[in-house]
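Q: I'd like a close look at one small part of this model, and then at how it sits in the rest. Keep it relaxed, but give me the cut-offs.

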2 protein chains.
Amino acid sequence: MEKIKAIYQTEMERVFKLLSNPTRLNILYLLEQQELSVNELVDYLDLPQPQISHNLAILKAHQLVTYRREGKKNLYKLDDPHILDVIDSTKKHAVHVVEGRAHRDEA
Amino acid sequence: MEKIKAIYQTEMERVFKLLSNPTRLNILYLLEQQELSVNELVDYLDLPQPQISHNLAILKAHQLVTYRREGKKNLYKLDDPHILDVIDSTKKHAVHVVEGRAHRDEA
DNA sequence: AATACATATGTTATTAATAACATATATTAG
DNA sequence: CTAATATATGTTATTAATAACATATGTATT
């Protein structure tokens, strides 16, 4: 019986912390579908631009997204393939729990 | 382009929040391997018993663990199969990032 | 029923995360 | 070189999470 190696655990915690924020989670979820500029994210998520930029900076600092400049725009995309799995597995779990709860809660 | 449905998003956030704590992450990681009593978790994780119990209560409240009583002991186990995937995918990501960084950081 | 063991709960101080806002920088177009 | 657009950074107030500790409950055994 072993607990998680400290070095991996720290990284896992970090990722989970990043994902436990609705703004960042939605950013990653949208970028999972396609590359987007800051303004496009602002439009889709209907949040103040500084909040989007701030969270993109956090995601970038932890190597979850990268960007390239195109004209005036910064186009962001995901930087790590594994994160897709994490988000998708969790979405499955969420669907499962929510559907299960819906049943349980009926009548 | 759609953001995550609010009902699922809330559940996802909740799970990520639960997992972003080292104590809870390690509890789940150990329970992934076998059913354990509170005291066994205390021994493995070398943390004060109330802290373990407190976090088990949080995990139980969110349907991530259940327990059965056996004699004097409460034996806890995982309550949700999807969580395994989430933890494992994230561990893979963590290994990837940590190994990658190790290379990058050399020389 | 009393004791001991196993676990749970409640309280508080400390620390960290968040959103909101103002402002700054950088690039492009005129 | 100036204005406009796109994005980034800094500051602060508010709120939430955490760990640490004391204490309570609950069951088993005698």
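Which residue follows α3(B), and is its phi positive or negative?

A: That residue is D46(B), and its phi is positive, near 55°. Some housekeeping: this is a predicted model, where local features need pLDDT of at least 70 and side-chain atom pairs need 80 or more, while totals for chains, interfaces and linings use all residues. Residues count from 1 along each chain as written, chains are lettered from A and ligands numbered from 1 in written order, and side-chain values use heavy atoms, without hydrogens or water.

Now the helix itself. α3(B) covers residues 38–45 (helices are DSSP runs of H or I, at least four residues, and strands are E runs of at least two, numbered from the N terminus). Its buried residues are V38(B), L41(B), V42(B) and L45(B) (buried is under 20% relative accessible area, exposed over 50%, partly exposed in between, with a 1.4 Å probe and protein chains only). Looking down the axis, these fall within an arc of 105° (taken from the directions from the axis to the C-beta atoms), so they line one face of α3(B). On the other side, N39(B) and D43(B) are exposed. The cover over the buried residues includes α2 (22–33), β1 (36–37), α4 (49–61) and β3 (73–78) of chain B (contact means heavy atoms within 4.5 Å).

Over in chain A, there is a sheet worth a look. Three strands make an open, antiparallel sheet in the order β1-β3-β2 (a pair needs at least two DSSP bridges). β1 (36–37) and β2 (65–70) of chain A are the edges, each pairing on one side only. β2(A) runs antiparallel to β3(A), residues 73–78, over 6 bridges, and β1(A) joins β3(A), also antiparallel, over 2 bridges. Y76(A) in β3(A) has Y67(A) opposite and also L36(A) opposite, while T66(A) stands opposite K77(A). The hairpin of β2(A) and β3(A) has 2 residues between the strands, and there G71(A) takes a positive phi near 65°.

Next, the two chains together. The contact takes 48 residues from chain B and 48 from chain A. Between them they bury about 4700 Å² (accessible area lost on being put together, 1.4 Å probe, summed over both), with 67% of it on carbon and sulfur atoms. On the chain B side, M1(B), F16(B) and H93(B) lose the most area to chain A, together 16% of what that side buries. The salt-bridge count between the chains is 0 (a Lys or Arg side-chain nitrogen within 4 Å of an Asp or Glu carboxyl oxygen).

Two residues show the contact up close. H93(A) sits in α5(A), residues 81–105, and counts as buried because its relative accessibility is 0%. Setting aside neighbours within four places in sequence, H93(A) touches E11(B), V15(B), L64(B), D80(B), H82(B) and I83(B). I4(B), in the segment before α1 (6–19) of chain B, is buried as well, at 4% relative accessible area. With neighbours left aside in the same way, I4(B) is in contact with L25(A), N26(A), Y29(A) and K91(A), plus Q9(B) and M12(B) of chain B.

Conventions. Buried area = accessible area lost by both parts, 1.4 Å probe.
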